[in-house]
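Please open the model in your viewer and keep the selection tool at hand. The tour below moves from one selection to the next and says what is to be found at each.

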Amino acid sequence: MAATEIDVKYVAHLARIALSPEEEQKLGAQLGNILGYIEKLNQADVSGVEPTAHAFPLVNVTRPDETRPSMSNEDALRNAPAKAGGLFIVPKIVE
Amino acid sequence: MLNQLTIAELTAKLTRREASAREATQACLDQINRVDKQIHAFISFDAADALAQADAADKLLASGGEANMPLLGVPIAIKDVLAVKGQPLNCGSKILGNFISPYDATAIQKLKAAGAIVFGRLNMDEFAMGSSTENSAFGVTRNPWDTTRIPGGSSGGSAAAVAADECIATLGTDTGGSIRQPAALCGVVGMKPSYGRISRYGLVAFASSLDQIGPFTKNVRDTATLLEVMSGIDHCDSTSMPQPVPRYASNLGGGVKGLKLGLPKEYMIGGLDPEVKQAVDAAVKKLESLGAELVEVSLPHTDYAVATYYIIATAEASANLARFDGVRYCARVDGKDPIEMYGKTRGAGFGPEVKRRVILGTYVLSSGYYDAYYLRAQKVRTLIRNDFLKAFEKVDAIVTPTTPTAAFKIGEKSDDPLQMYLSDIFTISCNLAGICGLSLPCGFTKSPKLPIGLQLLGKPFGEETILRIAHTYEQGTTWHKEKAPSAQ
């Protein structure tokens, strides 16, 4: 059950989680261990097997295309960290 | 004392006007005041609001309103991962800050429509990730049978609150065993319905193809009652299934004569504690004496279940937890641009287990690794599911221990995440296959006296069968009458 090296810094950036150097190191070791265990899946014979994304695949679950009441603007903004004029305020994205 | 009653016992008393909903609610609040400083099942609760709901229930009871409200006046507490309008929603995490739910989850709406007094936020592993309730940002919950030990997780608060008689029943959620395992460790009944049985609208998603809401109760009848109230298709959850809802609470009789119980040979493994094995063996013999037929079955892909789960669940979690970015909600940590804001908000707000799983999930979905990990895990999931479907051609239900050991000590496994994951071995396949499962008490370890759980796994939408088997076993034993030291 060999540990696997993973580029924690890169993956943390994909996941948008800022980690301290200590966290990066600790996580790297723990995840390496876990991934080493997960290697055992390579022993399973999956030839010709369809993947299961969902236990009971439903398809085309729709409702009539009619307007129904939804959450008010006020309720939607209630937990906003920053808001003004009925909108969420965020740091500038585009210069 | 009213807080020690079951749903059936309490509703009978309320109907006969032998007690009021207010008295019952006050009894629960008194018990919380007595024991929760030690147990810490609750993150918070609003006593005034609970009593106001009780008064409203009493008005309805006075005018005979209990006819189509099977839970009228019954105090039920809720795991902190379900939206209850106007109440805090934290999912055991710091990241949600002072979030107040703007709506009721469908399951909560159904409880309220049935007259329940819905109160309290029960402690849990952060975002339902954990098996011990040691990953909460709000402190550890302690097992009412031995307060140096874990109650299980992630619905540890839900299990402990019922075991300590702090309320009549609770709701939890189960993604890899998070209802059944704490139920076993705390000596109560806990059920995960089939995937799609209960709407997930208003349940903060961890793994969308695995999550289900379910009840914790003091006996099997109460579980059937709550399942009946909460089940059914919901247009707000496109994964909820259209199967009709049987009268679960009326179909518990019938015994087990002629039913075939499967014993999976792969489950009697090395790491199984001898006392757990002994209790489960005795329970199986008891079921045989009550008329069931025992059949050995094989679930050949059992050994892959934990690895499969920790790829699929973490992958889905990495997608579901992407929403916690500080934009529309969260305890935002500012940054010079949104990317920095996301990184800092999530870095500060997520606990170590959540970070571990989100990063693992991101990795297994990332370019170059998707096929090797995620796609392969989905294929193994098919094999695991087929193992169960094949076994259910031969048997009506499968019987196993719920956990390999009784409750371990707080801190014992928290340094080794992999060890913690491996303890989920018996519960995890059920979620991957989408089938139903429940745990009920089947004995105790000797010293210290700790509960042991028996797990029954049923076909997809086969809840009636496992409830009937569980009820028959329960009524033929006295485990369910024993109370935790903290409850006395």
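Begin by selecting Ile76(B), which, once its neighbours within four places in sequence are set aside, is in contact with Leu111(B), Ala116(B), Ile117(B), Val118(B), Cys167(B), Ile168(B), Ala169(B), Thr170(B) and Leu171(B); contact here requires that the C-beta atoms of two residues, placed from the backbone, lie within 7 Å. The model is a predicted one, in which local features need pLDDT of at least 70 and side-chain atom pairs count only at pLDDT 80 or more, whereas totals for chains, interfaces and linings use all residues. For your selections, residues are numbered from 1 along each chain as its sequence is written, while chains are lettered from A and ligands numbered from 1 in the order in which they are written.

Widen the selection to the core around this residue. The largest nonpolar core has 174 residues, and those with the most contacts inside it are Ile76(B), Leu82(B), Ile117(B), Ile311(B) and Ile359(B). Such a core is a set of buried Ala, Val, Leu, Ile, Met, Phe, Trp, Tyr and Cys residues joined through C-beta atoms within 7 Å, and a residue is buried if 20 or more other C-beta atoms lie within 10 Å of its own, exposed if 12 or fewer, and partly exposed in between, with C-beta atoms placed from the backbone. Helix 9 (residues 305-320) of chain B gives the largest share of this core, 10 residues; helices (H or I, at least four residues) and strands (E, at least two) are DSSP runs numbered from the N terminus. Domain 1 (2-259 + 464-487) and domain 2 (303-379) of chain B both contribute residues to the core, so it lies between them; the domain bounds come from an automatic or database domain assignment.

Colour those two domains separately. The centres of domain 1 and domain 2 of chain B, taken over C-alpha atoms, are separated by 29 Å, and their contact takes 20 residues from domain 1 of chain B and 17 residues from domain 2 of chain B. On the side of domain 1 of chain B that touches domain 2 of chain B, the residues divide into 10 nonpolar, 8 polar and 2 charged, where Ala, Val, Leu, Ile, Met, Phe, Trp, Tyr, Cys and Pro count as nonpolar, Asp, Glu, Lys and Arg as charged, and the others, Gly among them, as polar.

Return to one of the contacts of Ile76(B), namely Cys167(B). Cys167(B) lies in the loop between helix 5 (156-163) and strand 4 of chain B and is buried, with 31 other C-beta atoms within 10 Å. Not counting residues up to four places away in sequence, Cys167(B) touches Asn3(B), Cys28(B), Pro75(B), Ile76(B), Ala77(B) and Ala161(B).

In the same view, select helix 5 of chain B, which is mostly covered, 8 of its 8 residues being buried. Helix 5 of chain B is followed by Asp165(B), which has a positive phi of about 55° although it is not a glycine, and which is buried, with 25 other C-beta atoms within 10 Å. Ahead of the helix, the peptide bond from Gly153(B) to Ser154(B) is cis, with omega near 5°, and Ser154(B) sits in the loop between strand 3 (117-122) and helix 5 of chain B.

Now follow the strands. Strand 6 (residues 212-217) of chain B is mostly covered, with 6 of its 6 residues buried. Strand 4 (residues 169-174) of chain B pairs with strand 6 of chain B in the antiparallel sense over 5 bridges, pairing being counted if DSSP finds at least two bridges between two strands. Asp174(B) has Gln212(B) as its bridge partner in strand 6 of chain B. Strand 5 (residues 189-192) of chain B also pairs antiparallel with strand 6 of chain B, over 2 bridges, and Gly190(B) stands opposite Phe216(B).

Finally, turn to chain A, whose elements run α-α-α-β-β from the N terminus on. How many residues of chain A are in contact with chain B? There are 43, and they meet 60 residues of chain B. Helix 2 of chain A provides the largest share of this side, 7 residues, and the residues of the side divide into 31 nonpolar, 5 polar and 7 charged.
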